[in-house]
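Subject: Structure handover

Hello,

Here is the structure I promised to pass on. Please open it alongside this note, and then read on for what turned up.

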Amino acid sequence: MAEGNWTRVNEFILMSFSSLPTEIQSLLFLTFLFIYLVTLLGNSLIILVTLADPMLHSPMYFFLRNLSFLEIGFNLAIVPKMLGTLIAQDTTISFLGCATQMYFFFFFGVSECSLLATMAYDRYVAICSPLHYPIIMNPRTRAKLAAVSWFPGIPVATVQTTWLFSFPFCGINKVNHFFCDSPPVLRLVCADTALFEIYAILGTILFVVIPCLLILCSYTRIAAAILKIPSTKGKRKAFSTCSSHLLVVSLFYVSLSLIYFRPKSNNSPESKKVLSLSYTVVTPMLNPIIYSLRNNEVKNALGRTFHKALGLRNCIP
């Protein structure tokens, strides 16, 4: 429906990986389906094991359980539609569906940034104030910290999604991405978006850079505390409790920052897709793998849980 010099857009077309040959798209579908199933299974196991095993009822695993919830939500918001575009060539997404996908992407993304900073603070208290750790990170405090981590995603997602989808669109409805992300949708707007771009950059600074700086500050203090530990074994043990989180933070933040500091940059859309895959598809799969393979407590808890399950099964007549 024409309105002045622009056309109302009722649906969008996700270009996804349509430029690739059909054989490559089929291979990508199988690859991403495998990653998706591993992500759901791995994060679900982390949640179940940290709930079921009394040895994993510490604050660190409480926050890890929250992270797994976020990763599952992150994947559910993006990957199923991407798989549909690859296997069924169902590339259309309604105007409301696109806005909904973007809302949950921002909600889970901002919440994850905040939660990773909270997890860094938890490690800082555990290593720098070990005697006071149980008192400082009591159940009430960690519940408040988790709530504070989840909450910022709501206003950020609401403001950014509502503002962006209130702009007029030019009738061109092809989103050159595999999901409704802000930069490619912003390219379709027929209006001055300078103020929105300033807001987007400020939002990136507030909810990506500041949590990252807090993480760096925490690990600077942690590194100083570890260096003061006299024994090599003690240093190794202290470092092992932080290395998994530090690796996850690095994977998540580097690719995220490269995209959202420049919402309308001239970088190749294909390179942006690859960067987006790293934090939307790959990192959520790697998180449970990193935390389980590099953490003896989680590996032992998984073993105990499976043994109990097998034992109960064997008892059934």
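Two strands count as paired if DSSP finds at least two bridges between them. Keep that in mind for the sheet below. Also note that this is a predicted model.

The sheet

It is an open sheet of three strands. The order is β4-β3-β5, and the pairing is mixed. Strands β4 (92-94) and β5 (174-175) are the edges, each pairing on one side only.

Take strand β3 (residues 11-14) and its two partners in turn. With β5 it runs parallel, joined by two bridges. On that side, I13 stands opposite K174 of β5. With β4 the sense is antiparallel, over three bridges. There, E11 has S94 of β4 as its bridge partner.

Side chains alternate along β3. F12 and L14 point to one face and are buried. E11 and I13 point to the other face and are not buried.

A helix packs on this sheet too. With strand β4 (92-94) at one edge, helix α3 (residues 95-128) touches both β3 and β4. The direction of α3 makes about 85° with that of β4.

Helix α5

Helix α5 covers residues 139-150. Its length checks out: at 1.5 Å a residue, its twelve residues should span 16 Å, and the end C-alpha atoms are 17 Å apart, which agrees.

N138 caps the N-terminal end of α5. One of its side-chain oxygens lies 3.1 Å from the backbone nitrogen of R140.

Which residues of α5 are buried? They are R142, A146 and S149. These buried residues cover an arc of only 60° around the axis, so they sit on the same side of α5. The cover over them includes α2 (59-87) and α3. The face turned away from the buried side carries R140 and V148, which are exposed.

V156

One residue in helix α6 (residues 153-164) is worth a stop: V156. Is V156 buried or exposed? The cut-off for buried is under 20% relative accessible area. V156 has 9% relative accessibility, so it counts as buried.

Leaving out residues up to four places away in sequence, V156 touches V110, Y199 and F207. F69 lies 87 residues from V156 along the chain, and their C-alpha atoms are separated by 19 Å.

For a quick tour, begin with β3 between its partners in the order β4-β3-β5. Then turn to the buried side of α5, with R142, A146 and S149. Finish at V156 in α6.

Best wishes

Note on methods. Residues are numbered from 1 along each chain as its sequence is written. This is a predicted model: local features need pLDDT of at least 70, side-chain atom pairs count only at pLDDT 80 or more; totals for chains, interfaces and linings use all residues. Side-chain values use heavy atoms; hydrogens and water are left out. Helices (H or I, at least four residues) and strands (E, at least two) are DSSP runs, numbered from the N terminus. Buried means under 20% relative accessible area, exposed over 50%, partly exposed in between (1.4 Å probe, protein chains only). Contact means heavy atoms within 4.5 Å. Axes are lines fitted to C-alpha atoms, for helices over the stretch in contact, and angles run from 0 to 180 degrees between N-to-C directions. The expected span of a helix is 1.5 Å times one less than its number of residues. The arc is that of the directions from the helix axis to the C-beta atoms. A polar contact is a pair of N or O atoms within 3.5 Å; within protein, one must be able to donate a hydrogen and the other to accept it, and residues adjacent in sequence count only if both atoms are side-chain atoms.
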